[in-house]
Amino acid sequence: CMGDYRTAIGYQMRDLELSCELSQESRQMRAHSRLGFSYRMMGNLVKAVESHQETKTLAAKLEKPELLCVACCDLGVDYRLLGEHDKALHQLDEGLKCAAQLPGRSLEHEAKLRHNMGLVLLDADELTKACTHLYRAT
């Protein structure tokens with residue numbers, strides 16, 4: 001099934017339905033996150049944004065700051081692929097602020113967020129800023 005995202009989406013949708021029926025918000029959040037990735041890989045970026053936004057909303061509601069960072073990063077990537085640089089930068093900046101509040105593992109999240117921010121800035125032809133973020137990601 002590697003790369004069979006259409007099949008994966010079917011399973012993920014079923015998991016989401018079950019988690020909704022059982023009122024398991026943490027499971028719903030993970031299902032939305034996986035759906036967003038699968039939609040992105042299939043090129044359906046609008047659906048990816050919708051799923052990752054649901055992930056972000058649930059992560060905030062459940063007070064899961066690490067997962068909130070991940071959701072912001074995912075949204076930043078989605079918006080970058082859509083060519084919506086301002087929205088991408090906003091999400092990635094929000095993720096950086098969240099990562100700064102995390103104990104211990106924040107460096108991993110910060111590096112990933114800065115890397116993606118550098119890529120957005122490269123796409124937007126802001127080379128100096130892009131280099132700064134890419135350098136700080138290493």
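Serine 23 sits out in the open, exposed with a relative accessible area of 58%. This is a predicted model, and serine 23 falls in its loop between α1 and α2. The backbone does something a little unusual here: phi of serine 23 is near 55°, a positive value in a residue other than glycine. For comparison, most residues other than glycine have a negative phi. Aspartate 125 tells a similar story in the loop between α6 and α7. Its phi is near 60°, again positive without the residue being a glycine, and aspartate 125 is exposed too, with a relative accessible area of 64%.

Next comes helix α2, which covers residues 25-42. With 18 residues at 1.5 Å a residue, α2 should span 26 Å, and its end C-alpha atoms are 25 Å apart, so the two values agree. Quite a few α2 residues are tucked away: Gln28, Met29, Ala31, His32, Leu35, Gly36, Ser38, Tyr39 and Arg40 are buried. An α-helix has 3.6 residues a turn, so residues three or four places apart point the same way. That spacing can be picked out in the list of buried residues, for instance in Gln28, His32 and Leu35. What do the buried residues of α2 pack against? They meet three other helices, namely α1 (5-21), α3 (45-61) and α4 (65-82). Just past the end of α2, glycine 43 takes a positive phi of about 90°.

Helix α2 also has a share in the one aromatic pair that the structure holds. The partners are tyrosine 5 and phenylalanine 37; their ring centres are 6.3 Å apart and their planes meet at 70°, so the pair is edge-to-face. The pair ties together distant parts of the chain, with tyrosine 5 in helix α1 and phenylalanine 37 in helix α2, 32 residues apart. Neither partner is fully hidden: tyrosine 5 is partly exposed at a relative accessible area of 23%, and phenylalanine 37 is partly exposed at 40%.

As for the inside of the model, the largest nonpolar core has 20 residues, and Cys69, Tyr79, Leu92, Leu113 and Met117 touch the most other members. The elements giving two or more residues to this core are α3, α4, α5 (85-99) and α6 (106-123). Apart from it lies another core, of six residues, including Ile9, Ala31, Leu35 and Tyr39. Back in the largest core, tyrosine 79 touches Val49, Glu84, Lys87, Ala88 and Gln91, leaving out residues up to four places away in sequence.

How many disulfides does the structure hold? The count is zero. Cysteine 69 is in no disulfide, although the sulfur of cysteine 98, the nearest cysteine sulfur, is 3.1 Å away. The cut-off for a disulfide is 2.5 Å between the sulfur atoms, so a distance of 3.1 Å does not qualify. Cysteine 72 is in no disulfide either; for this residue, the nearest cysteine sulfur is again that of cysteine 98, 6.4 Å away. Both residues are hidden: cysteine 69 is buried at a relative accessible area of 1%, and cysteine 72 is buried at 0%.

Finally, histidine 133 lies in helix α7 (residues 127-137). With a relative accessible area of 15%, histidine 133 is buried, since the cut-off for buried is under 20%. Its side chain makes a polar contact of 3.0 Å with the side chain of arginine 114. Beyond its neighbours within four places in sequence, histidine 133 is in contact with Arg114, Met117, Gly118 and Leu121.

How values were computed: Residues are numbered from 1 along each chain as its sequence is written. This is a predicted model: local features need pLDDT of at least 70, side-chain atom pairs count only at pLDDT 80 or more; totals for chains, interfaces and linings use all residues. Side-chain values use heavy atoms; hydrogens and water are left out. Helices (H or I, at least four residues) and strands (E, at least two) are DSSP runs, numbered from the N terminus. The expected span of a helix is 1.5 Å times one less than its number of residues. Buried means under 20% relative accessible area, exposed over 50%, partly exposed in between (1.4 Å probe, protein chains only). Contact means heavy atoms within 4.5 Å. A polar contact is a pair of N or O atoms within 3.5 Å; within protein, one must be able to donate a hydrogen and the other to accept it, and residues adjacent in sequence count only if both atoms are side-chain atoms. Rings of Phe, Tyr and Trp (its six-membered ring) pair if their centres lie within 6.5 Å; planes under 30 degrees apart count as stacked, over 60 as edge-to-face and the rest as tilted. A nonpolar core is a set of buried Ala, Val, Leu, Ile, Met, Phe, Trp, Tyr and Cys residues joined through side-chain atoms within 4.5 Å.
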